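The briefing that follows is meant to be read alongside the sequence and the coordinates. It takes up backbone geometry, the ligand site and a few individual side chains, in that order.

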Amino acid sequence: MEQKPIPGADDPALIAAFEARIASGESIEPKDWMPERYRKQLTRMMSQHAHSEIVGMLPEGNWVTRAPSLRRKMSLIAKVQDEAGHGLYIYCGAETLGVDRHDLFNQLLNGTAKYSSIFNYPTLSWADMGVIGWLVDGAAIVNQTVLAKTSYGPYARAMVRICKEENFHKRQGYEICATLASGTPAQQAMLQDAVDRIWWPSLAMFGPSDKDSPNTGELLRWKVKRKTNDELRQRFVNLTVPQAQAIGLTLPDPDLTFNAETKNWDFGEIDWAEFFDVIKGNGPCNRERLEARNTAHDDGQWIRDAATAFAAKHAKRGVEAP
Ligand code: FAQ
């Protein structure tokens, strides 16, 4: 379903009134007038975010059957289920902008929509489950805590609940890391290897550096974003370095040094060529992730058919399907 054009889309008076509301810190709600471009930007961000949550289930789902104990298996299953829930809230939120989630989902399935670069990397060992919870959910929290103050009401409210759940994810991940860090030399080496592989892709989650980020200026002006990609990345590094030190891990960056003047941890250059290659679809697992989502979608056709037939049967009888 195409988004219907908004009446008065180019009316300068409406735009000025909208911008005044944003400037005074008001929240924009679905039935409020908004510029077409604001709606498009929110639809883009929210759909990419929802897709990321759904694709993000795959790397960790890969380890559910191999978790080393019942307790670990239960918390990993709960985490993966939470990610599904996050995807569903955000698709619901995106629908308040006048799009149909099936259209958004089809863009994911046919490879025309983006989702977070981080999920195109493989999960090679159990330690990856700890490091993903710690670093990937940790990065998501830094980004989403700020998004909880975004100007679009339904997105901001979804972020509040999602951040609470992401905190549990981060803690379960960090606890796995802390356990492995105090384990055998083989466990410590497995953990360090996971950190070495996942550190840089976690930094890239925040998006291109500000000078190469075409959307940031407009999103900041409309208070969709409250901080730039580089500001959030720096905050994540500052928070994470002491956590790595606390459990004796080395972050794989020889340039990582504390800057006494700025009170930030300075860090080395991200491999931007790799980042842009991954978001173009050429990462180590892009193809595998899309195949897995398409297979899951095709395998679920019978339940969609059954639900549609059930709803039609009830509609015919004049009863609302439960
Ligand atoms: N991956 O101009 P900017 C999670 C694209 S949730 C792929 O800077 P913007 C939870 C960008 O879309 C993780 N593409 O863009 C979890 C744009 O392309 P377009 C997802 C990226 O929007 C944990 C182009 O590059 N979180 O992890 C990436 O201002 C564990 C230019 O970039 C969200 O989506 C990337 N990393 O800033 C789940 C949060 N970065 O669309 C399971 C909401 C940039 O013009 C397990 N989104 N691109 O063709 C945001 O905060 C922003 O959209 C950014 C990008 C910061 C991601």
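Lys-263 lies in the loop between strand 1 (257-259) and strand 2 (264-266) of this predicted model. Its phi is near 65°, a positive value in a residue other than glycine, and Lys-263 counts as exposed because its relative accessible area of 56% is over the 50% cut-off. Most residues other than glycine have a negative phi.

**Backbone at a second lysine**

- Lys-223 likewise has a positive phi, near 55°, although the residue is not glycine, and it is found in the loop between helix 9 and helix 10 (229-246).
- With a relative accessibility of 22%, Lys-223 is classed as partly exposed, because this value falls between the 20% limit for buried and the 50% limit for exposed.

**The ligand and its surroundings**

- The ligand takes up the space of the largest pocket, and of the 37 residues around the ligand, those that come nearest are Arg-44, Gln-48, Lys-114, Ser-213 and Lys-225.
- The residues of this shell divide into 15 nonpolar, 13 polar and nine charged.
- At least two shell residues come from each of helix 2 (36-55), helix 4 (70-95), helix 6 (127-147), helix 7 (153-181), helix 9 (216-221) and helix 11 (272-282).

**Polar atoms facing the ligand**

- A nitrogen atom of the ligand lies 2.8 Å from a polar backbone atom of Ser-117, whereas the partner of a ligand oxygen atom at 2.9 Å is an N or O atom in the side chain of Asn-143.
- At Pro-214, a polar backbone atom is 3.3 Å from an oxygen atom of the ligand.
- Of the 1100 Å² of accessible area that the ligand has on its own, the protein covers 90%.

**Two buried residues of helix 4**

- Arg-72 has its place in helix 4, and this arginine counts as buried because its relative accessibility of 11% is under the 20% cut-off.
- The side chain of Arg-72 is joined to that of Glu-175 by a polar contact of 3.1 Å, and a polar contact of 3.4 Å joins the side chains of Arg-72 and Thr-179.
- Val-80 is found in helix 4, and its relative accessibility of 11% means that Val-80 counts as buried.
- Val-80 and Met-57 are separated by 23 residues in sequence, while their C-alpha atoms are 5.4 Å apart in space.

Note on methods
Residues are numbered from 1 along each chain as its sequence is written. This is a predicted model: local features need pLDDT of at least 70, side-chain atom pairs count only at pLDDT 80 or more; totals for chains, interfaces and linings use all residues. Side-chain values use heavy atoms; hydrogens and water are left out. A residue is near a molecule or strand if one of its heavy atoms lies within 4 Å of it. A polar contact is a pair of N or O atoms within 3.5 Å; within protein, one must be able to donate a hydrogen and the other to accept it, and residues adjacent in sequence count only if both atoms are side-chain atoms. Accessible areas come from the Shrake-Rupley method with a 1.4 Å probe; for residues, only the protein chains shown count as cover. On a 1 Å grid over the protein atoms alone, a cavity is a set of points where a 1.4 Å probe fits but cannot get out, and a pocket is an open set with protein on both sides within 12 Å along at least five of seven lines; lining residues have an atom within 4 Å of a point. A molecule sits in a cavity or pocket if more than half of its atoms lie within 2 Å of its grid points. Helices (H or I, at least four residues) and strands (E, at least two) are DSSP runs, numbered from the N terminus. Ala, Val, Leu, Ile, Met, Phe, Trp, Tyr, Cys and Pro count as nonpolar, Asp, Glu, Lys and Arg as charged, and the others, Gly among them, as polar. Buried means under 20% relative accessible area, exposed over 50%, partly exposed in between (1.4 Å probe, protein chains only).
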